[in-house]
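Biologist: I'd like to go through this structure with you and ask how each label is earned. Could you show it to me before we start?

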Amino acid sequence: MSLPPSNFAPKKQPSKTAAYSIFVLIIATMAAGMPYQVDIKILLLLALTFTVLITMLGGWEFTLIMNSMQSGIVRAFPALCIFILIGALIGSWIQGGIIQTLIFYGLQILSPALFLPAGLLVCSVVSLSTGTSWGTAGTMGVAFMAMGQVLGIPAPVTAGMVVSGAFFGDKLSPLSDTTNLAAASTGADLFAHIRSILLTTVPSYFLSLVAFYVAGRNYHLTQSTNSTQVNEFMQALQQHFVISPWLLLPIVAVLLMSVLRVPALIALMSGALLGVLCSVVYQGDTVASALNAMNSGYISHTGILTLDTLLNRGGIVNMMGTFALSFMALCLGALLDELGYLRVVMQGLLQQVKRLGSLVALVIGACFLTNGLMGEVYLSIIVNGNLFRKEFSRRGLQPAMLSRTLEEGATLTGPLIPWTTAGAFMGGVLGVSAFDYAPYTFFNLINPVLAIVFAFCGLAVLHDKTKPITTVPHSAR
């Protein structure tokens, strides 16, 4: 997914007072509303309103304000389209029995003790092969969520595993948009970027795998999953749906199209139409009901509460809340970026940084902050790549070290924030809020922390021997 550069250029830069005031107001709005369970969409709308009013009081024309917000929507337009198509895909695949088939065979293979580490590996391989975390979550993730519930694994834990595996590949795969974007925004060679990523990703992934194994053993020992209940669930699937290995072909087709770099919108729409075909041919549904499932999602009437709860999902309509959430976050983020508020704040913080470890921590923190304020990982990578590129060069560091840090700070923390496109998408597809699954995204949490620790210890530091350090004393590095 590529993002066109912004063509909007503000005529002036905001003052530090205005920039910091807006940031404090946004954070205060979110902090004040969340304890009272005010919907995040309303809080974002209020924050956006306050920002627009303050900007207008600062002398900006309303037309320029609207143009800046529009630029954010334009740049993230492909992501917003994917929201709609993933909803259609999930509804179509459940109606066609594709997800049920995946669940059925998965329950035959996976045990509760190995479910989490095995699921992490599967999601990682799929995401690494296809380069798409969203596609991984929308296909394998939905099935793993259902399997986890049947096996007695809490939904937030399973969702954390899916997100960890999905974003492992999104961060590392040469087919991933974020991998290519991080390298391009810093001027790093793509494969130098990937080699740099491996230095912190491999130990982080190993620790995550161990953590999920320990967690899986813990749930296996303390909750004593009833194998009889699992067998009854599988029998119910066979009773109400046609289960066939042929129904796995649409999944293979979508994954293959991703590997072949077929545009995501075409691959997802093709997958949804294959689901319609399976619904008509295998489940005996009419063409009209199969097509309607793409819009309204699948509605299960088996009479089995657990099964109906797991399968009542999907559809374009059910993604509209997620769509609206991301839409408002993108408008707010574009406003902060285009009018220079974010740049003013980050440059002020950068002046206070001396040590290399502090610089890496600042970049990761800045990426997390811009994810939350701008609502989009791609925008966070571009903005912070431009902000910190000269500073890394000045300190004699390779571009690949900055690109690696951008991925650790932006790509991995994006799904941990409910109102970013990544967090809203994962929450909508997996049925678990980012607030709930975030503590269990072991890989997404461990990797940024380990990167900061490595930087303070002088590990995995990539010096550019062709560019000597000019201003930072040896003792401060």
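**Labels and the values behind them**

Modeller: Let's begin with a pair: arginine 395 and glutamate 391 are both buried. Keep in mind as we go that this is a predicted model.

Biologist: What makes glutamate 391 count as buried?

Modeller: Its relative accessible area is 11%. Buried means under 20%, so glutamate 391, at 11%, falls in that class.

Biologist: And why is arginine 394 called partly exposed?

Modeller: The value for arginine 394 is 31%. Partly exposed covers the range between 20% and 50%, so 31% puts arginine 394 there.

Biologist: How do you know that glutamate 391 forms a salt bridge with arginine 394?

Modeller: The closest N and O atoms of glutamate 391 and arginine 394 are 2.5 Å apart. The cut-off is within 4 Å, so the pair qualifies as a salt bridge. Both residues sit in helix α19 (residues 377-394), three residues apart, about one turn of the helix.

Biologist: What is the N to O distance for arginine 395 and glutamate 391?

Modeller: There the closest N and O atoms are 2.7 Å apart, and this pair also forms a salt bridge.

Biologist: Which other side chains meet in a salt bridge, with 3.9 Å from N to O?

Modeller: Those of arginine 404 and glutamate 408. A distance of 3.9 Å is within 4 Å, so the label holds for arginine 404 and glutamate 408. These two are four residues apart in helix α20, so about one helical turn separates them. Arginine 404 and glutamate 408 are buried as well. Salt bridges that share partners, for their part, join Glu391, Arg394 and Arg395 into one network. Over the whole structure, the search finds four salt bridges.

Biologist: Let's turn to empty space. How many cavities of 30 Å³ or more are there?

Modeller: The count is one. The largest cavity holds about 30 Å³ of space.

Biologist: Which residues line the largest cavity?

Modeller: The lining is made by Val360, Met401, Arg404, Thr405, Glu408, Ala451, Ala455 and Leu459. Two elements, α20 (399-411) and α23 (442-457), each give two or more residues to that lining. Helix α20 has the largest share, four residues. By class, the lining has five nonpolar, one polar and two charged residues.

Biologist: Why is threonine 139 called buried?

Modeller: Its relative accessible area is 3%, and the limit is under 20%, so threonine 139 is buried. Threonine 139 belongs to helix α7 (residues 133-151). Leaving aside neighbours within four places in sequence, threonine 139 is in contact with Leu89, Trp93, Ile99 and Leu102.

Biologist: What makes the phi of glutamine 37 worth a look?

Modeller: Most residues other than glycine have a negative phi. For glutamine 37, phi is near 60 degrees, a positive value in a residue other than glycine. Glutamine 37 is in the loop between α1 (16-33) and α2 (40-57).

Biologist: Why does glutamine 37 count as exposed?

Modeller: Exposed means over 50%, and glutamine 37 has 72% relative accessibility, so the label fits.

Biologist: And where is alanine 460 placed?

Modeller: Alanine 460 is in the segment after α23. Phi of alanine 460 is near 55 degrees, again a positive value in a residue other than glycine. Its relative accessibility is 22%, and buried would need under 20%, so alanine 460 counts as partly exposed.

Definitions and conventions:
Residues are numbered from 1 along each chain as its sequence is written. This is a predicted model: local features need pLDDT of at least 70, side-chain atom pairs count only at pLDDT 80 or more; totals for chains, interfaces and linings use all residues. Side-chain values use heavy atoms; hydrogens and water are left out. On a 1 Å grid over the protein atoms alone, a cavity is a set of points where a 1.4 Å probe fits but cannot get out, and a pocket is an open set with protein on both sides within 12 Å along at least five of seven lines; lining residues have an atom within 4 Å of a point. Grid points are joined across faces, edges and corners, and a volume is the space filled by probe spheres set on the points. Ala, Val, Leu, Ile, Met, Phe, Trp, Tyr, Cys and Pro count as nonpolar, Asp, Glu, Lys and Arg as charged, and the others, Gly among them, as polar. Buried means under 20% relative accessible area, exposed over 50%, partly exposed in between (1.4 Å probe, protein chains only). Contact means heavy atoms within 4.5 Å. A salt bridge is a side-chain nitrogen of Lys or Arg within 4 Å of a carboxyl oxygen of Asp or Glu.
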